[in-house]
Amino acid sequence: MGISRDSRHKRAATGAKRAQYRKKRKFELGRQSANTKIGAKRIHVIRVRGGNLKYRALRLDSGNFSWASESVTRKCRISKVIYNATNNELVRTNTLVKGAIVEIDATPFRQWYESHYAVPLGRKKKSAAPADGTEDALNKERSNHVQRKIEERKPYAKIEQNLEDHFTSNKVYARIASRPGQSGRADGYVLEGKELEFYLRKLKTKH
């Protein structure tokens with residue numbers, strides 16, 4: 001028995017059982033879910049109705065994530081799934097679906113922030129300089145013109161405490177906005193503001 005998306009097998013709104021007057025049709029078919037996991041990228045191309053193509057991601061380890069309040073997007077590595085409103089089983093198995101809350105590597109955003117504002121982000125006080133060379137990015141020589149631009153930006157270099165705490169651990173929470181089983185991508189946006197508070201509360205009650 002194939003997976004079918006028809007509604008003829010369902011009862012009517014009145015509860016009446018509908019008569020079966022035809023068999024399954026090709027245009028009513030359904031396919032198995034992708035159940036995209038975290039791992040080295042593996043994508044299958046599927047030919048679908050109308051000669052179109054779908055990109056079924058079976059494994060993904062990174063995606064493009066947007067930091068909306070700063071209007072910047074960076075490619076980040078996905079560490080793990082931490083919350084899914086639909087099913088806790090999808091969290092346990094690290095399954096990537098649209099709407100899943102994931103933990104991503106914050107390094108690309110931190111590097112951009114520190115080069116853009118010349119302000120340290122997510123650094124513990126009196127900590128040693130990181131080995132990735134970002135300390136040089138903060139204190140490097142700049143022309144007067146560039147220095148003036150950075151000084152003008154500094155008043156806007158404020159981020160909320162919840163998000164800054166996550167940068168300290170070098171991980172931020174993000175929500176997947178694309179459909180990995182359809183587009184073959186796991187793109188999304190960084191959680192902040194009321195939305196971040198909401199999911200932090202959900203995570204506390206879950207544990």
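Colleague: Happy to look at this one with you! Is Val45 buried or exposed?

Modeller: Glad to help, and keep in mind that this is a predicted model. Val45 belongs to strand β2. The cut-off for calling a residue exposed is a relative accessible area over 50%. Val45 has a relative accessible area of 52%, so Val45 counts as exposed.

Colleague: Which residues make the nonpolar surface patch, and what is its area?

Modeller: Two or more residues of the patch come from each of the elements β2 and β3. Val45 is one of the members, together with Ile43, Leu53 and Tyr55, and the patch has an area of about 340 Å².

Colleague: Let's turn to the sheet. Which strands stand at its edges?

Modeller: The open sheet has 3 strands with mixed pairing, in the order β1-β3-β2. Two of these strands have a single partner strand each, so one side of each is left without a neighbour in the sheet. Those edge strands are β1 and β2 (42-47).

Colleague: Which residue in β3 is the bridge partner of Ile38?

Modeller: Strands of a sheet pair through backbone hydrogen bonds, either parallel or antiparallel. Here β1 and β3 (residues 53-60) run parallel and are joined by 2 bridges. The partner of Ile38 in β3 is Leu60.

Colleague: Is Leu60 buried or exposed?

Modeller: Leu60 sits in strand β3. Leaving aside residues up to four places away in sequence, Leu60 touches a list of residues including Thr36, Ile38, Ile43, Leu96, Pro180 and Ala186. Gly184 is another of its contacts, and the C-alpha atoms of Leu60 and Gly184 are separated by 8.3 Å although the two are 124 residues apart along the chain. With a relative accessibility of 3%, Leu60 counts as buried.

Colleague: Now for the charges, which I always enjoy. Which residues are joined into one network by salt bridges that share partners?

Modeller: The structure holds 7 salt bridges. Arg8 meets Asp6 at 3.6 Å, N to O, and Arg8 also bridges to Glu28, with the closest N and O atoms 3.2 Å apart. Glu28 in turn forms a salt bridge with Arg22, where the closest N and O atoms are 2.7 Å apart. Through these shared partners the network takes in Asp6, Arg8, Arg22 and Glu28.

Colleague: How many residues apart in sequence are the parts that the Arg8 and Glu28 pair ties together?

Modeller: Both Arg8 and Glu28 are buried, and the closest N and O atoms of their salt bridge are 3.2 Å apart. Each of the two lies in the segment before β1 (37-38), so the pair ties together parts whose separation in sequence is 20 residues.

Colleague: Which residue of that bridge with Glu28 is partly exposed, Arg8 or Arg22?

Modeller: Burial means a relative accessible area under 20%. Arg8 has 19%, so Arg8 counts as buried. With 24%, the partly exposed residue is Arg22.

Colleague: On to the helices. Which residues of α5 are buried, and why are they on the same side?

Modeller: In helix α5 (residues 161-168), the buried residues are Leu163, His166 and Phe167. They cover an arc of only 100° around the axis, which puts them on the same side of α5. Their packing partners are β4 (62-67), α2 (107-117), β7 (171-176), β8 (188-190) and α7 (193-206).

Colleague: Which residue just after α5 takes a positive phi?

Modeller: Most residues other than glycine have a negative phi, and most peptide bonds are trans. Just after α5 there is a residue with a positive phi of about 65°, and it is Asn170.

Colleague: What is the phi of Ala118, and where does Ala118 lie?

Modeller: Ala118 is found in the loop between α2 and α3 (134-139). Ala118 is buried, with a relative accessible area of 15%. Although Ala118 is not a glycine, its phi is positive, at about 55°.

Colleague: One last one! Is Asn94 buried or partly exposed?

Modeller: Asn94 is in the loop between α1 and β6 (101-105). Its phi is near 55°, a positive value in a residue other than glycine. At 25% relative accessibility, Asn94 counts as partly exposed.

Conventions. Residues are numbered from 1 along each chain as its sequence is written. This is a predicted model: local features need pLDDT of at least 70, side-chain atom pairs count only at pLDDT 80 or more; totals for chains, interfaces and linings use all residues. Side-chain values use heavy atoms; hydrogens and water are left out. Buried means under 20% relative accessible area, exposed over 50%, partly exposed in between (1.4 Å probe, protein chains only). Helices (H or I, at least four residues) and strands (E, at least two) are DSSP runs, numbered from the N terminus. The arc is that of the directions from the helix axis to the C-beta atoms. Contact means heavy atoms within 4.5 Å. A salt bridge is a side-chain nitrogen of Lys or Arg within 4 Å of a carboxyl oxygen of Asp or Glu. Two strands pair if DSSP finds at least two bridges between them. Patches are made of residues with over 30% relative accessible area and no salt bridge: like charges are joined within 9 Å, nonpolar side chains (Val, Leu, Ile, Met, Phe, Trp, Tyr) within 5 Å. Accessible areas come from the Shrake-Rupley method with a 1.4 Å probe; for residues, only the protein chains shown count as cover.
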